[in-house]
Amino acid sequence: MSDSYRPQPEDKFTFGLWTVGNVGRDPFGEPVRAPFSPVEIVRMLADVGAYGVNFHDNDLVPIDATARERDEIVRSFKEALDERGLKAPMATTNLFTDPAFRDGAFTANDPAVRAYAIHKTMRAMDLGVECGATTYVFWGGREGTESDATKSPVDALAWMREALNFLCEYAVDQGYDLRFALEPKPNEPRGDIYFPTVGSMLGFIGTLDRPDMVGLNPEVAHEHMAGLNFTHAVAQAWDAGKLFHIDLNDQNPGRYDQDFRFAAHNLKPAFFLVKLLEEVGYDGPRHFDAHAYRTEDAEGVRDFARGCMRSYLILKEKAQAFAQDEAIQGLLAEAQQASAEFPSYAGGYSRQAAEALREHSFDRGQLASRGLAYEKIDQLLTDLLLGVR
Ligand code: GCO
Ligand code: MN
Ligand code: MN
């Protein structure tokens with residue numbers, strides 16, 4: 001591969017231990033790849049040029065490890081990070097694999113399960129902070145139902161709030177420099193998961209005791225599974241000052257949760273996403289929450305990781321080309337031309353202005369008569385993306 005798209009530290013490309021470490025198990029088939037140890041993953045990610053590695057507590061420390069084993073694992077992991085210059089900017093809790101969480105973690109009907117979920121998260125936060133994490137992700141894969149006969153969604157929401165409020169206080173009390181990033185998903189593994197979309201999560205954050213500490217970790221595949229426009233969702237999170245982290249991958253809408261390599265499937269939406277992130281100046285981690293096809297061996301996993309970053313960088317270059325393309329920008333300027341007669345209304349309210357506008361007589365026919373040349377703009381973009389421009 002050409003190295004003009006070589007990842008740089010400022011790109012903040014990260015992968016999870018669970019992503020490049022995915023062994024290719026699916027509901028119908030056994031693993032196809034031998035597991036890599038966390039230290040091997042750190043080395044592999046350093047080789048392909050990643051900035052960092054993220055983890056769930058049990059990706060690093062097995063759930064039944066003794067305290068001594070834990071300390072030894074953490075020591076060798078941190079040593080490998082230092083040796084290869086990798087960061088561990090994000091950590092999270094596995095609240096979904098253990099059968100104890102079959103009815104949810106923070107939203108399980110059983111108060112002992114809810115308490116265990118908080119206990120496990122506090123310890124996982126300690127572990128994450130010890131490895132340098134400053135973002136803590138909450139993905140509630142089991143927080144949902146198959147049948148709403150089993151619990152009230154209002155109770156479940158209240159339990160979720162209770163847990164997050166408690167954990168925010170814990171982080172503050174410990175003096176941790178940690179922000180929480182909530183990750184919505186509509187379904188899978190539960191039939192329906194609470195807080196299915198970015199918008200619903202944004203609404204929920206406003207009801208927490210420390211809303212400033214809590215933001216979003218939106219994921220491409222999750223909004224696409226719900227048939228939504230991910231770029232619009234990310235824009236809303238950004239606008240609210242809540243884009244704390246992002247999970248990049250790809251997904252054929254309407255399918256099972258595919259976790260494809262970034263931009264493997266929907267090139268144009270991936271372009272719009274990269275364009276948005278670069279134009280607004282998002283400077284958080286760009287985390288690839290995806291995994292290699294089940295057909296791949298260890299070399300294929302590296303190809304997968306390189307491909308995620310390479311596609312991002314190519315699309316970033318395309319976004320710059322879009323911004324510099326005179327024909328495209330000329331057409332956009334025409335479509336968006338400012339009006340002397342109708343200035344922006346942002347902050348411009350006065351009774352006089354309101355009365356003048358209310359009494360103004362608009363020529364609807366004239367407003368409706370103008371073609372906008374969007375066909376042209378979009379085809380120019382297609383030409384640009386397909387490399388014929
Ligand atoms: C999924 C999720 C997870 C989370 C991860 C980090 O669909 O399984 O995207 O991969 O991102 O658990 O919290
Ligand atoms: Mn996902
Ligand atoms: Mn994710």
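User: Which side chains does Arg-286 or Glu-278 meet in a salt bridge?
Analyst: In this predicted model, the side chains of Arg-286 and Glu-278 meet each other in a salt bridge, at 3.1 Å from N to O.

User: Is Arg-286 buried or exposed?
Analyst: Arg-286 is buried, with a relative accessible area of 4%. Its partner Glu-278 is partly exposed, at 26% relative accessibility.

User: How many salt bridges are there in the whole structure?
Analyst: A search of the whole structure finds 21 salt bridges. One of the pairs is Lys-316 with Asp-11, whose side chains meet at 3.7 Å, N to O.

User: Which parts does that pair tie together?
Analyst: Lys-316 belongs to helix α11 and Asp-11 to the segment before β1 (13-16), so the salt bridge ties together parts that are 305 residues apart in sequence.

User: And what is the accessibility of Lys-316 and of Asp-11?
Analyst: Lys-316 is partly exposed, with a relative accessible area of 22%. Asp-11 counts as buried, at 7%.

User: Which residues are linked in a network of salt bridges?
Analyst: The network links Asp-47, Arg-84, Glu-299, Arg-302, Asp-303 and Arg-306. Within this group, the side chains of Arg-306 and Glu-299 meet in a salt bridge of 3.6 Å, N to O. Arg-306 is partly exposed at 29% relative accessibility, and Glu-299 is partly exposed at 41%.

User: Changing topic to the metal. What are the protein donors of the manganese ion (ligand 3)?
Analyst: The manganese ion (ligand 3) has as its protein donors Glu-183 (OE), Glu-219 (OE), Asp-247 (OD) and Asp-289 (OD), which lie 2.0 to 2.2 Å from the ion. Along the chain, the donors follow the spacing E-x35-E-x27-D-x41-D.

User: What do the angles at the site of the manganese ion (ligand 3) show?
Analyst: The site is octahedral: there are 6 donor atoms, and the angles among them run from 83 to 178°.

User: Which residue coordinates both this ion and the manganese ion (ligand 2)?
Analyst: Glu-219 coordinates both manganese ions, ligand 3 and ligand 2, which are 3.7 Å apart.

User: Where do Glu-183 and Asp-289 lie?
Analyst: Glu-183 lies in strand β6 (residues 179-183), and Asp-289 is in the loop between β10 (286-288) and α11 (298-324), so this pair of donors ties together parts that are 106 residues apart in sequence.

User: Are those two buried or exposed?
Analyst: Glu-183 and Asp-289 are both buried.

Notes:
Residues are numbered from 1 along each chain as its sequence is written. Chains are lettered from A and ligands numbered from 1 in the order in which they are written. This is a predicted model: local features need pLDDT of at least 70, side-chain atom pairs count only at pLDDT 80 or more; totals for chains, interfaces and linings use all residues. Side-chain values use heavy atoms; hydrogens and water are left out. Donors are N, O and S atoms within 2.8 Å of the metal (3.2 Å for Na, K and Ca); water is not among the atoms, so sites may look incomplete. Four donors count as tetrahedral if all angles lie between 85 and 135 degrees; four count as square planar and six as octahedral if opposite donors are over 155 degrees apart and all others between 65 and 115; anything else is irregular. Helices (H or I, at least four residues) and strands (E, at least two) are DSSP runs, numbered from the N terminus. Buried means under 20% relative accessible area, exposed over 50%, partly exposed in between (1.4 Å probe, protein chains only). A salt bridge is a side-chain nitrogen of Lys or Arg within 4 Å of a carboxyl oxygen of Asp or Glu.
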